[in-house]
Amino acid sequence: MDDGWGVRRLCGDDWERHRAVRLAMLLDQPGAYGSTFAREVAFDETTWRERLDHPVLLAESDAGLPLGAATLYRPDESHDPEIVAMWVAGHARGHGIADALVQACVDLAGARGDAVVRLHVMRDNPRAVAFYERVGFAFDGSAGDIAGCDRMSRVLPA
Ligand SMILES: CC(C)(COP(=O)(O)OP(=O)(O)OC[C@H]1O[C@@H](n2cnc3c(N)ncnc32)[C@H](O)[C@@H]1OP(=O)(O)O)[C@@H](O)C(=O)NCCC(=O)NCCS
């Protein structure tokens with residue numbers, strides 16, 4: 001990590017960059033996301049643009065190389081926000097990028113007045129679990145839809 005880097009929110013016109021990063025994470029960690037490369041590689045431009053209605057945060061180097069991403073997803077207004085599609089490129093792990101992505105999501109939720117941010121993680125993904133615990137998430141007793149996948153929550157200050 002010789003270069004500087006930052007985090008920005010993608011807009012609709014970034015859909016090709018979003019697609020590239022999403023497909024990269026599905027190839028890199030196929031068991032982590034409850035979806036597959038085969039399914040999403042078939043999505044059209046409209047679908048990728050619609051996905052960007054939810055905040056997608058991208059970490060990228062000053063030279064424009066994507067380093068990681070996270071999405072703050074909310075199925076509808078009555079739901080708590082959830083961090084999904086969290087990924088840092090292998091060569092960029094352990095450099096604070098995941099921290100910055102989570103913080104950007106938490107900041108968005110806090111600015112909106114949310115009381116809690118949630119996420120789901122596979123129990124057999126020890127690096128992700130250790131990371132989420134370090135940044136303030138804890139298992140809350142709720143199970144996900146997939147076996148071995150459980151929910152974690154981080155309560156935001158009032
Ligand atoms: C999960 C992810 C985003 C975290 O980003 P990261 O840069 O790797 O995170 P960090 O290195 O800051 O933190 C990982 C922590 O796990 C620890 N760790 C690494 N391997 C571990 C293991 N096998 N068991 C337990 N802890 C482990 C590290 O020591 C570190 O803890 P520390 O900061 O207290 O030293 C990243 O690893 C990733 O993209 N993984 C693949 C995709 C994925 O699993 N996404 C999550 C889907 S829910």
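Two strands are said to pair if DSSP finds at least two bridges between them. In this predicted model, strand 2 and strand 3 (residues 66–73) meet that condition, pairing in the antiparallel sense over five bridges. One position in this pairing sets Glu60 opposite Pro66 of strand 3. Four residues lie between the two strands of this hairpin, within which Gly64 adopts a positive phi near 95°.

Strand 2 also has a partner in strand 1 (residues 5–9), to which it is joined by five bridges, again with the strands running antiparallel. Here Arg9 stands opposite Leu57 of strand 2. Strand 2 is largely enclosed by the rest of the structure, because five of its six residues (residues 56–61) are buried. As a general rule, side chains in a regular strand alternate between the two faces of the sheet.

The wider fold may now be considered. The protein chain contains five helices and seven strands. Read from the N terminus, these elements follow the order β-α-α-α-β-β-β-α-β-α-β-β. The C-alpha trace spans about 40 × 35 × 30 Å along its principal axes. The radius of gyration of the protein chain is 15 Å, which agrees with the value near 15 Å that a compact globule of 158 residues would have. Buried residues account for 25% of the 158 residues. Of the contacts in the protein chain with a separation of 6 or more, 59% are between residues 24 or more positions apart.

The interior is best approached through the largest nonpolar core. This core has 29 residues, of which Leu57, Ala69, Ala70, Ile83, Leu101 and Cys105 touch the most other members. The elements that contribute two or more residues to the core are helix 1 (15–28), strand 2, strand 3, strand 4, helix 4 and strand 5 (116–122). Helix 4 contributes the most, with seven residues. Ala70 illustrates how the parts of the chain come together: leaving aside residues up to four places away in sequence, Ala70 touches Leu57, Ile83, Ala85, Met86, Leu101, Val102 and Cys105.

One of these partners, Ala85, merits separate attention. Ala85 is found in strand 4 and is buried, because 22 other C-beta atoms lie within 10 Å, where 20 or more suffice for that class. Its backbone has a phi near 50°, a positive value in a residue other than glycine. Most residues other than glycine have a negative phi.

Which residues are closest to the ligand? They are Arg93, Ala98, Pro126, Ala128 and Ala130, from a shell of 17 surrounding residues. Strand 4 (82–88), helix 4 (97–112) and helix 5 (126–134) each give two or more residues to this shell. Helix 5 supplies the largest share, six residues. By class, the shell comprises 11 nonpolar, three polar and three charged residues. Strand 4 and helix 4 thus appear among the contributors to the ligand shell as well as among those to the nonpolar core.

Is Ala147 buried or exposed? Ala147 is located in the loop between strand 6 (138–143) and strand 7 (149–155). Ala147 counts as exposed, because it has 8 C-beta neighbours inside 10 Å, and the limit for exposure is 12 or fewer. Ala147 and Gly34 are 113 residues apart in sequence, whereas their C-alpha atoms are 11 Å apart in space.

Notes:
Residues numbered from 1 in each chain as written. Predicted model: local features only at pLDDT ≥ 70, side-chain atom pairs only at ≥ 80, totals over all residues. Rg over C-alpha atoms; globule rule 2.2 N^0.38 Å. Contact = placed C-beta atoms within 7 Å. Near = placed C-beta within 6 Å. Nonpolar A, V, L, I, M, F, W, Y, C, P; charged D, E, K, R; others polar. Core = buried A, V, L, I, M, F, W, Y, C linked by C-beta atoms within 7 Å.
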